[in-house]
Amino acid sequence: MNKKSKSIDRLTHHVAKESSYFTEFVFESLAQEGKEVQREKRVATNKRIIEFDGFLSDGFPKLSDGDTFVEIKYANNPYAISNCIASYISSGLSKPLVIICLVDDSKIASLKSHPNIYVLGASYISNLINNHPRLWWVFVASCSLDNKVLYDESTKTIHVVNPPIAAAILGKTFSLEEKEPEELSFICESNFKKRIKTFHNPAIIIGNGVSIHFGSDLWGKMSDSLFDYLSPRYVDNVNLVKKAIGDSTYSSTSMSRFTIDSNKYDEALFFSVYRKYEDKMHDDGTLIRSIVKAKQRFIDMPLITYNYDEFLEIDFEKHAHRIIKPVSSKRSYDKYSEPKIAHVHGFIPFQTPLKKIKVVLTQEDYYKAYKGKSWTSEIQREVLTNNTCLFVGSSMSDLYQMSIINEIESKYYSNEKPYPWKCFALLCLKGLSPKDIVAVFNYYLNKGVYIIFTKEFDELPKKLLELFS
């Protein structure tokens, strides 16, 4: 890349990511103007051509009736556009072509003219930015690999440092006022809705947080509860022993598992999951109920859970009046049709706890579950690659979980893509200041996770339903 001229005609991993986000910005802007994409075609040396029903913008020469081909080029080099024009001419297609790019308007006149080909350059993109500033923020804040979304104390605004190349070329960055941090969430929420409307392939990945309403212990508390079984029979001072082995949930559960009698261990695990549960807890204001309603609407939507409990299965039967099958292996997942839910870390049935299946809890369990091409990791890779995934009830802090997200995101940009890769997480950011919210948002953004947040925990179930409405 020639940094001096800011040319972006050479595709790199970095530019591939920016290009996909730029394409999404143009698509979304056109869609908001009532110009939806109808279908995608590939013509002329496998160039990506988008076919629109009707024309693009007021004030541009009216084309003949019928479809128009559109190609979006993340390039400001006239030579790259000339190649695009030559490729289209050689294809022999007769329909009009509009090329949307970043070439300065003064250089467009030098391109090879053709009566059926039109080029929209930098000024057209600038107009789109002026008309759709929030969509431009998504591009500026999301796609650069080395950007930072920061809070400016002096101006009380949220802005981007190290913006993508297109923003630098056009001189078009964007900032949010301090009072608008919720706009960050709204942008992600709108994008999630748009994606599941366009692609019809959502998936929900469920964490421990959805089970708290039903009395299940948090992961850390469950680990402490199991470790407490060691005293007084097996150890004298549980706190000192815990520090001696690393003081982590993984090491604590491992020592508990290999020290306590297996029956007692299973009993303690069941107790941590179900001890507070009552049938009357199934009301209409829980995250699990919202997931059930979303699953009813998108019955083929994959559900993956890290939880051992069957609270969702019980609630699904109560509310949907049908069985949702819990599965915990590739064989059972392939065998059963929807509705089903994949327990990737194992399963402890409420009525028959002795029939627990492959509970992943200790360090050794995790090593085995995520080693190589195990079903636990492969099913997560599959949905993260092929679906618009929403994490619910997860703190997004598990190293195994984040390593898979990082792997999928990195592989995706090995070549040019029409849309950027994204996964989403529904979180509560209770008590956080605008500066704190920006810091958290940026932390996840740079990991490929787009957070949709509320300020209160009891707002989460309603927000989830809105996402699937």
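**Exercise 1. Work out which side chains of strand 6 (residues 148-152) are buried, and what strand 6 pairs with.**

Start with the side chains: they alternate along strand 6 (residues 148-152). Val149 and Tyr151 point to one face and are buried, where buried means under 20% relative accessible area, with over 50% being exposed and anything in between partly exposed (1.4 Å probe, protein chains only). Lys148, Leu150 and Asp152 point to the other face and are not buried. Strands here are DSSP runs of E, at least two residues, and helices are runs of H or I, at least four residues, each numbered from the N terminus.

A word on the ground rules: this is a predicted model, with residues numbered from 1 along each chain as its sequence is written. Local features need pLDDT of at least 70, side-chain atom pairs count only at pLDDT 80 or more, totals for chains, interfaces and linings use all residues, and side-chain values use heavy atoms, leaving out hydrogens and water.

Next, the partner: strand 6 pairs with strand 7 (residues 157-161) in the antiparallel sense, over five bridges; two strands pair if DSSP finds at least two bridges between them. Valine 149 has valine 160 as its bridge partner in strand 7. Finally, look at the turn: the two strands form a hairpin with four residues between them, and lysine 156 in that turn has a positive phi of about 55°.

**Exercise 2. Lay out the seven-stranded sheet and find a helix that crosses it.**

Step one is the order, which reads 11-12-10-9-13-14-15 in an open sheet with parallel pairing. The edges are strand 11 (325-327) and strand 15 (449-454), each pairing on one side only. Neighbouring strands are turned by 25° against each other on average, direction ignored; axes are lines fitted to C-alpha atoms, for helices over the stretch in contact, and angles run from 0 to 180 degrees between N-to-C directions.

Now zoom in on one edge. Strand 11 runs parallel to strand 12 (residues 340-343) and is joined to it by three bridges, with lysine 325 opposite lysine 340.

Then add helices. Helix 7 (residues 182-199) lies across strands 9, 13, 14 and 15, at about 115° to strand 15. Helix 12 (residues 287-297) lies across strands 9, 10, 12, 13 and 14, at about 155° to strand 9.

**Exercise 3. Place asparagine 387 and serine 211, and say why each counts as buried.**

Asparagine 387 sits in the loop between helix 16 (375-386) and strand 13 (388-392). It counts as buried because its relative accessibility is 15%. Its side chain reaches the backbone oxygen of asparagine 201 at 3.2 Å. Leaving aside neighbours within four places in sequence, asparagine 387 is in contact (heavy atoms within 4.5 Å) with Asn201, Pro202, Ala203, Pro302 and Glu382.

Serine 211 is in the loop between strand 9 and helix 8 (219-228), and counts as buried because its relative accessibility is 1%. Its side chain makes a polar contact of 3.3 Å with that of asparagine 307. That term covers a pair of N or O atoms within 3.5 Å; within protein, one must be able to donate a hydrogen and the other to accept it, and residues adjacent in sequence count only if both atoms are side-chain atoms.

**Exercise 4. Decide whether helix 5 (residues 133-142) is mostly covered or uncovered.**

Count first: eight of its 10 residues are buried, so helix 5 is mostly covered. Among the buried ones are Trp136, Trp137 and Phe139.
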